[in-house]
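Please work through the exercises below with the sequence and the model in view. Each task sentence is followed by a solution that proceeds step by step.

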Amino acid sequence: MDLLSGLALGVEMAITWEGLLFCLIGVSIGMFIGVLPGIGPLAAVAMTLPITYHLQPMSALIMLAGIFYGAQYGGSTASILLNLPGTSTTAVTALDGYPMAKQGRAGVALFITTITSFFGGCVAIILLMGFAPALGKMALSFSSAEYFSIMLLGLVAAATMAIGSPMKGIVSVIAGLLLAMVGMDTTSGTVRYSFGILELQDGLNLVAMAMGLFGVAEILKNAGQPDRPTDKLQKVRLRELMPTRDDLRQTWKPAIRGAGIGSFIGILPGAGPTLAAFLAYAMEKRVARDPSRFGKGAIEGISAPEAANNASTQAAFIPTLALGIPGDASMAVLLGAMMIHGITPRPEFFTVHTDLFWGLVVSFWIGNLMLLVLNIPLIGVWVRILTIPQRLLFPAVIFFICVGVYSVNNNPFDVLTVIVFGVIGYLMNMLNYPTAPLLMGFILGPMIEQHFRRALLFSRGDMWTFVDRPISAAFLACTAGLVLLLVFPSLRRTAGRLKRAF
Amino acid sequence: MKTKWNRPELLAASAFMATGFGALWVARDYPVGTVTRMGPGFIPIAISVLLILSAAVVAVQCRSLPESPTRPRLKPFVFIMGGILAWALLVDRVGFIPATVILVLACASVEIGSTWRSSLLLAGGLCATGYAIFIRGLGIPLSPFGG
């Protein structure tokens with residue numbers, strides 16, 4: 001199907017009262033969650049997932065996707081005004097956004113981040129329209145060997161590109177794979193690791209796990225701490241938003257570079273928007289004529305990362321939809337949500353679910369436009385959200401987590417699962433083990449096992465099948481490169497320390 | 001030069017290793033099969049071994065790292081987890097509204113500046129919203145009071 005007829009179909013699918021309504025709900029929830037520090041888009045999606053069971057798949061997807069990219073818009077608000085990132089992806093924005101706010105230019109900073117976010121999103125959606133169906137077509141020739149290799153690349157990338165120790169990321173991914181083994185083995189029908197518990201025969205509940213790891217664990221980290229210092233919060237008036245001509249001149253080039261970096265990172269399986277924003281910032285600092293301006297309110301320091309994180313969030317849909325390989329943990333949850341609705345994102349996605357794909361693409365355009373409109377005139381409302389005290393917010397979030405998880409299967413067992421993963425997530429956060437790779441491992445686990453077994457069945461047990469096939473070999477080579485790049489230096493350091501110790 | 005083992009880090013790595021050994025032990029009953037026709041035990045055993053090995057590398061690496069400055073804070077942990085546990089155990093037995101009130105009061109009690117009045121008002125508001133969305137709207141089978 002060519003681009004134009006695709007778009008026409010998408011318009012037909014997405015521009016309905018229902019489509020528009022759920023797009024608006026999705027981006028508003030995303031924006032809301034994004035503005036609030038301490039609750040990420042993952043927790044928001046997990047909380048709204050139960051509601052989507054009662055919706056059409058199209059509306060459900062539009063709404064869930066809207067939460068993700070909406071949160072990218074909202075996250076910069078708290079970064080700029082309070083020096084507290086609303087979501088981890090906008091942490092970089094605080095570096096120059098907060099100094100701008102202190103100089104009384106908060107309005108300009110908010111305006112610039114909104115515009116560059118919109119720009120980054122648009123670039124990546126264009127890529128998605130052009131690239132994803134082509135990639136899907138190419139992937140039709142993939143066999144299990146290729147799928148295994150690309151998933152392995154995704155897992156290793158997710159583990160090693162997380163911020164922190166790459167080895168801990170790998171431990172986390174492997175632990176996630178092990179958790180994925182709980183429940184019935186699809187090939188043999190054997191129930192594994194159920195410990196005689198009936199509820200575990202279908203495997204661990206994804207929603208409960210995500211809520212524990214990302215919702216409860218995050219709240220435990222912040223609960224009982226003093227509220228955000230909202231008295232310092234500036235009032236942002238509409239007329240303060242307008243940037244000067246100079247500001248705009250300094251914005252557009254970094255925005256283009258940021259969107260490029262973000263799109264590239266987004267397409268890579270396993271690398272998420274946080275990395276994209278950091279890379280874009282580093283890049284601007286390198287190309288700047290006067291790098292000392294950074295950290296003191298340089299406008300490039302907000303426009304590039306904001307374009308990058310939005311581009312990355314949108315571009316992450318390319319591998320997710322075309323290959324069924326999530327770009328990061330948030331996409332992994334979305335993938336889980338799609339599977340619950342009986343949609344398996346696969347190369348065939350573009351032929352079987354053409355309407356869903358184009359509907360989603362059109363909803364991205366609409367959603368990004370809505371966010372632009374929601375952001376600029378209503379900025380005062382979003383700033384007010386930052387003044388909601390924790391004593392009201394946190395109990396409410398915990399309540400919605402409980403009742404939301406309960407409603408998935410109408411079973412309190414899932415709520416107990418939340419507690420277990422809340423404890424695990426809390427401990428992992430405290431000891432700097434990244435939790436997102438755990439979820440990636442959990443979601444990809446059953447698929448990677450299936451493809452590994454099937455590939456070896458076809459090759460009659462010949463392990464070389466993964467290297468003999470050129471595409472698979474290329475993915476494996478990338479994986480090996482990542483491992484060498486990121487694990488070797490730390491191993492060498494360890495070896496050096498051991499030598500000194502003995 | 002004597003390097004000190006970083007105790008929390010070591011404990012965490014050991015916990016992952018113990019999980020790996022536990023998973024191996026449970027998997028001893030699952031048929032392994034051959035490489036061509038793998039049984040349900042093959043992959044779990046492989047993953048368990050990988051987990052033990054990678055956690056062992058972290059355990060070795062974490063020597064002489066500075067201990068992380070974050071200390072666990074017990075009160076929020078106990079009250080919030082206790083609240084969720086109470087909700088999970090009570091919601092089917094005493095009903096949605098009492099369970100929710102207990103949960104909200106437990107969670108609010110750890111926050112600075114919360115009062116009985118504000119917490120009870122919040123609990124009331126959440127009960128009403130939850131009842132409207134989940135019980136009325138989505139039809140989940142919970143009764144407001146009683147099992």
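**Exercise 1. Which residues of α14(A) are buried, and against which elements do they pack?**

Step 1. The buried residues of α14(A) are A329(A), S330(A), M331(A), A332(A), V333(A), L334(A), L335(A), G336(A), A337(A) and M338(A), where buried means that 20 or more other C-beta atoms, placed from the backbone, lie within 10 Å of the residue's own (12 or fewer is exposed, and in between is partly exposed). Helices here are DSSP runs of H or I with at least four residues, and strands are runs of E with at least two, numbered from the N terminus.

Step 2. Because 10 of the 12 residues of α14(A) are buried, the helix is largely enclosed by the rest of the structure.

Step 3. These buried residues pack against α3 (41–52), α4 (57–82), α9, α13 (317–323) and α20 of chain A, a contact being two residues whose C-beta atoms, placed from the backbone, lie within 7 Å.

Step 4. The helix covers residues 329–340 and reaches 17 Å from its first C-alpha to its last, close to the 16 Å expected at 1.5 Å a residue, the expected span being 1.5 Å times one less than the number of residues. Just after α14(A), G342(A) takes a positive phi of about 80°.

The model is predicted, so that local features need pLDDT of at least 70 and side-chain atom pairs count only at pLDDT 80 or more, while totals for chains, interfaces and linings use all residues. Residues are numbered from 1 along each chain as its sequence is written, and chains are lettered from A and ligands numbered from 1 in the order in which they are written.

**Exercise 2. Describe the side of chain A that touches chain B.**

Step 1. The contact draws 57 residues from chain A and 65 residues from chain B.

Step 2. On the chain A side, the elements giving two or more residues include α8 (166–180), α9 (206–222) and α22 (470–501), and α18(A) gives the most, with 12 residues.

Step 3. That side divides into 35 nonpolar, 12 polar and 10 charged residues.

**Exercise 3. How many helices and strands does chain B have, and how is the chain divided into domains?**

Step 1. Chain B has 5 helices and 0 strands.

Step 2. An automatic or database domain assignment gives domain 1 (7–61) and domain 2 (74–137) of chain B, whose C-alpha centres lie 39 Å apart.

Step 3. Of the 147 residues of chain B, 34% count as buried.

How values were computed. Nonpolar A, V, L, I, M, F, W, Y, C, P; charged D, E, K, R; others polar.
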